[in-house]
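Hi,

Here is the structure I promised to hand over. Have a look at it first, and my notes follow underneath.

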Amino acid sequence: MLFLVRMDVNIPHDLPDAQAADIKAREKAYAQALQNDGRWRHLWRVVGEYANYSVFDVGSNDELHTLLSGLPLFPYMKIHVTPLAQHPSAIA
Ligand SMILES: O=C(O)C[C@H]1C=CC(=O)O1
């Protein structure tokens with residue numbers, strides 16, 4: 001099952017720099033592990049925003065929720081999920 005996910009990051013300004021850096025490092029490792037296992041298919045930066053568009057390929061809504069709620073940045077993100085279906089005019 002494919003899902004288009006937009007993540008908008010909003011880290012509070014009063015979060016200590018070292019704590020923010022630790023969260024971002026853990027986020028990067030988590031994101032790269034999921035890309036390596038094929039579940040995080042695309043990860044694109046939104047130009048000019050601290051946001052991304054991602055495509056996930058997972059087995060269920062519950063799996064996606066578990067995966068997203070495990071993101072180290074989850075407490076600091078607004079996440080919008082769009083389930084994707086086949087388009088009848090798509091050639092691939
Ligand atoms: O930077 C972001 O867009 C937020 C998050 C998503 C992957 C990652 O490494 O950080």
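**What I found**

Of the 92 residues in the protein, 30% are buried, where buried means under 20% relative accessible area, exposed means over 50% and partly exposed is in between (1.4 Å probe, protein chains only). Before you go further: this is a predicted model, so local features need pLDDT of at least 70 and side-chain atom pairs count only at pLDDT 80 or more, while totals for chains, interfaces and linings use all residues. Residues are numbered from 1 along each chain as its sequence is written, and side-chain values use heavy atoms, with hydrogens and water left out.

**Overall layout**

The protein has two helices and four strands, and the order from the N terminus is β-α-β-β-α-β. Helices (H or I, at least four residues) and strands (E, at least two) are DSSP runs, numbered from the N terminus. Along the principal axes, the C-alpha atoms fill a box of roughly 50 × 25 × 20 Å. The accessible surface is about 6,300 Å², and 57% of that belongs to carbon and sulfur atoms; the areas come from the Shrake-Rupley method with a 1.4 Å probe, and for residues only the protein chains shown count as cover.

If you look at contacts (heavy atoms within 4.5 Å), 69% of those between residues at least 6 apart in sequence join residues at least 24 apart. As for charges, the mean positions of the 8 positive and 10 negative ones are 4 Å apart. Lys and Arg count as positive and Asp and Glu as negative, with His and the chain ends not counted; each charge is placed at NZ of Lys, CZ of Arg, CG of Asp or CD of Glu.

**The strands**

Two strands count as paired if DSSP finds at least two bridges between them. S1 (residues 2-9) pairs with S3 (residues 51-57) in the antiparallel sense over seven bridges, and one of the matched pairs is Asp 8 with Ala 51. S1 also pairs with S4 (residues 77-84), again antiparallel, over eight bridges; here Met 7 has Ile 79 as its bridge partner. In a regular strand the side chains alternate between the two faces of the sheet.

S2 and S3 are antiparallel too, with five bridges, and Trp 44 stands opposite Tyr 53 in S3. These two strands form a hairpin with five residues between them. Have a look at Gly 48 in that turn: its phi is positive, about 80°.

**Salt bridges**

How many salt bridges does a search of the whole structure find? It finds six, taking a salt bridge as a side-chain nitrogen of Lys or Arg within 4 Å of a carboxyl oxygen of Asp or Glu.

Arg 39 is worth clicking on. Arg 39 forms a salt bridge with Asp 37, with the closest N and O atoms 3.0 Å apart, and another with Glu 63, at 2.9 Å between the closest N and O atoms. Arg 39 lies in the loop between H1 and strand S2 (40-45) and Glu 63 in helix H2 (residues 61-69), so that second pair ties together parts 24 residues apart in sequence. The three residues are partly exposed: Asp 37 has a relative accessible area of 43%, Arg 39 of 27% and Glu 63 of 26%.

Next comes Asp 57 with Arg 41, whose closest N and O atoms are 2.6 Å apart. This pair links distant parts of the chain, with Asp 57 in strand S3 and Arg 41 in strand S2, 16 residues apart. Both are partly exposed, Asp 57 at 25% relative accessible area and Arg 41 at 46%. Finally, Arg 6, Asp 8 and Glu 49 are linked in a network of salt bridges.

**Two residues in H1**

Glu 27 sits in helix H1 (residues 17-36). Glu 27 is buried yet has no salt bridge, and the nearest side chain of opposite charge, Arg 26, is 7.6 Å away. Leaving out residues up to four places away in sequence, Glu 27 touches Leu 71, Pro 72, Leu 73 and Met 77.

Gln 35 is in H1 as well and is partly exposed, with 35% relative accessible area. Apart from neighbours within four places in sequence, Gln 35 is in contact with Trp 40 and Leu 43. The C-alpha atoms of Gln 35 and Phe 56 are 9.1 Å apart, with the two positions 21 residues apart along the chain counted as their separation.

Cheers
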